Amino acid sequence: MQISIGLPATFNPDAYDMIVVGAGYAGSVCARRVAEGAGFRVAVLERREHIAGNAYDYVNDEGILVHKYGPHIYHTYSERVHEFLSRFTKWTDYQHKVLANIHGTLMPVPFNHTSLRLAFGEDRGEELYRKLVDTFGEDKKVPIMELRQKNDPDLQEVADYVYENVFLYYTMKQWGQTPDQIDPSVTGRVPVFIGDDDRYFPQAPYQGMPEDGYTVLFEHMLDHDLIDVFVGVDARDIFTLDENNVSVCGKVYGGEIVYTGPLDELFNLDLGALPYRTLDMQFETLEQDQFQPVGTVNYTTSEDFTRITEFKNMTGQVVPGKTTIMKEFSHAYEPGSGQTPYYAIIDPKNRALYERYLERVQNLTNFHPVGRLAEYRYYDMDAVTDSALELSDEIISCHA
Ligand code: FAD
Ligand code: UDP
């Protein structure tokens, strides 16, 4: 596959049936699917110097494969998503496990049967577990905010413990707000698990890591005769939008446009900036084989960072005597500062602002916002892939 750096002076938008902005999951999935399904010639423009969006990984100076924009663990319940992505990679059978460091004791998260025994002791832990099973059933997921609403004193004891020791401080660090103040779907991503499965994504039928890493997966996905990729190109430099048309390089563009960046940026934030949280990632390579027992340890009652990831524990890479770890520090995103907008802050006010931006592109029938940024959603990789496949289906059927 050829990736060009920058846009050549000869770049002619009309030579392409579709222009894709962003080479992450949303953009790359659409590019590949529409090139194959409609025979479209596609130009992918990416403002970073690399493909793969936030899933980008690379081998660092110490020879260790690391995830530049935070730990990415593939998991999905969708057969279609899994089949599609599996065309571009084989998967390892890695099953992600997370431990919470709670006042110095490491307990599985999602909080489960094992965590209960560690937190409350064998006998009381078992009693409380039986109560949970009797109330909700075995192998069930219960969001913490739902558990907190139960009136039973035993269930309240569990809920209080989990709320105080797993969610409160971590959520304050991550969002600058308490779990009560944020959308319940956010903490609902990590429900209490009534069972013994100690994986982070219990019950997800497909999970693992791409055998040669995410960037290679993307190289394969974008490797198609009809796809040209240009990195180091900010679409805002060549796009102009008015109510009815998108112009590219000064001419009204008649092809399809898949846009995967933030919508507010396209309008110079003139209605106000969509709020995000960003992360500072602090990487460190240590002269030891292993730092921690699992891929990620969440610091739920101490420290300024939220979690530590040890990449070798996730990728299975063997590098004796060395290991790279990464700490994540979360804070408010400042537009225009060069920071990355990682997490949309889900609340009705922000959603309403997003909808106002969305209204502005509603008349542009060839302009399709898709992905975690462009849809302003807290999407995992599989959900973005799913959304991009659906959009691709629509584009293909319109041109059938
Ligand atoms: P992105 O990956 O952000 O891609 C959008 C691309 O568009 C970017 O590369 C950007 O540079 C480019 N772009 C934007 N504007 C322009 C422009 N004007 N011109 C040109 N290019 C532009 N998901 C999981 O499933 N499992 C995980 O374990 C997981 N862990 C995560 C950990 C962290 C810290 C974060 C932040 C996310 C995690 N995710 C995880 C979510 C995952 O990163 C996203 O679902 C996925 O990467 C979103 O893909 P996307 O294409 O929508 O967006
Ligand atoms: N969370 C928490 N403690 C944990 C794990 C998660 O409080 O040990 C909360 C926190 O608010 C976090 C949310 O649950 O932002 C979602 O967690 P997840 O691990 O899914 O976040 P991501 O991997 O997307 O950063």
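Leucine 269 sits in the loop between α9 (263-266) and β17 (276-286). This is a predicted model, and leucine 269 is a good place to enter it. Its phi is near 55°, a positive value in a residue other than glycine. Most residues other than glycine have a negative phi, and most peptide bonds are trans. Is leucine 269 buried or partly exposed? A residue counts as buried with 20 or more other C-beta atoms within 10 Å of its own, and as exposed with 12 or fewer. Leucine 269 has 14 within 10 Å, so it is partly exposed.

Aspartate 139 also has a positive phi, about 55°, although it is not a glycine. This residue lies in the loop between α4 (122-136) and β9 (140-142). Around aspartate 139 there are 13 other C-beta atoms within 10 Å, so it too is partly exposed.

The next stop is a peptide bond. Valine 109 and proline 110 are joined by a cis peptide bond, with omega about -5°. Proline 110 belongs to the loop between β8 and α3 (113-120). Here the surroundings are counted at 25 other C-beta atoms within 10 Å, so proline 110 is buried. Proline 110 can also be set against aspartate 347: they are 237 residues apart in sequence, and their C-alpha atoms are 24 Å apart in space.

Now turn to the sheet. Which strands form it, and in what order? It is an open sheet of 7 strands, running β8-β7-β18-β19-β20-β17-β21, with mixed pairing. Its edges are β8 (105-109) and β21 (343-344). Each edge strand has a single partner, so one side of each is left without a neighbour in the sheet.

Inside that order, follow β19. Strand β18 (residues 296-299) is joined to β19 (residues 307-310) by 3 bridges, and the two run antiparallel. One pairing here links asparagine 298 with arginine 307, its bridge partner in β19. On the other side of the order comes β20 (residues 323-332), which is also antiparallel to β19 and joined to it by 3 bridges. There, the bridge partner of threonine 309 is methionine 326 in β20. Where do the residues of β19 point? Arg307 and Thr309 point one way, Ile308 and Glu310 the other way, and all are buried.

Asparagine 298 leads on to ligand 2. Of the 14 residues around this ligand, Asn298 is among those that come nearest, with Phe167, Tyr170, Thr171 and Arg189. Two elements give two or more residues to this shell: α6 (153-175) and α7 (184-187). Helix α6 gives the most, with 6 residues. By class, the shell around ligand 2 has 8 nonpolar, 5 polar and 1 charged residues.

Ligand 1 has its own shell. How many residues lie around ligand 1, and which come nearest? There are 34, and the nearest are Gly22, Gly24, Gly53, Gly70 and Gly261. The elements that give two or more residues to this shell are α1 (25-38), β3 (42-46) and α12 (381-398). By class, the shell around ligand 1 holds 16 nonpolar, 10 polar and 8 charged residues.

Helix α1 deserves a closer look. At 1.5 Å a residue, its 14 residues should span 20 Å. The end C-alpha atoms of α1 are 19 Å apart, which agrees. Helix α1 is mostly covered, with 12 of its 14 residues buried. Among the buried ones are Tyr25, Cys30, Arg32, Arg33 and Ala38.

Last, step back to the whole chain. The domain assignment gives domain 1 as 3-54 + 212-271 + 344-398, and domain 2 as 98-198. The C-alpha centres of domain 1 and domain 2 lie 39 Å apart. The UniProt record, an unreviewed entry, adds the annotation "domain: UDP-galactopyranose mutase C-terminal" over residues 166-378. Over residues 166-378 the chain is 22% helix and 27% strand. The end C-alpha atoms of that stretch are 20 Å apart.

Key
Residues are numbered from 1 along each chain as its sequence is written. Chains are lettered from A and ligands numbered from 1 in the order in which they are written. This is a predicted model: local features need pLDDT of at least 70, side-chain atom pairs count only at pLDDT 80 or more; totals for chains, interfaces and linings use all residues. A residue is near a molecule or strand if its C-beta atom, placed from the backbone, lies within 6 Å of it. Helices (H or I, at least four residues) and strands (E, at least two) are DSSP runs, numbered from the N terminus. Ala, Val, Leu, Ile, Met, Phe, Trp, Tyr, Cys and Pro count as nonpolar, Asp, Glu, Lys and Arg as charged, and the others, Gly among them, as polar. UniProt positions are given in the numbering used here, feature names are shortened, and annotations may be inferred rather than shown by experiment. Two strands pair if DSSP finds at least two bridges between them. Domain bounds come from an automatic or database domain assignment. The expected span of a helix is 1.5 Å times one less than its number of residues.
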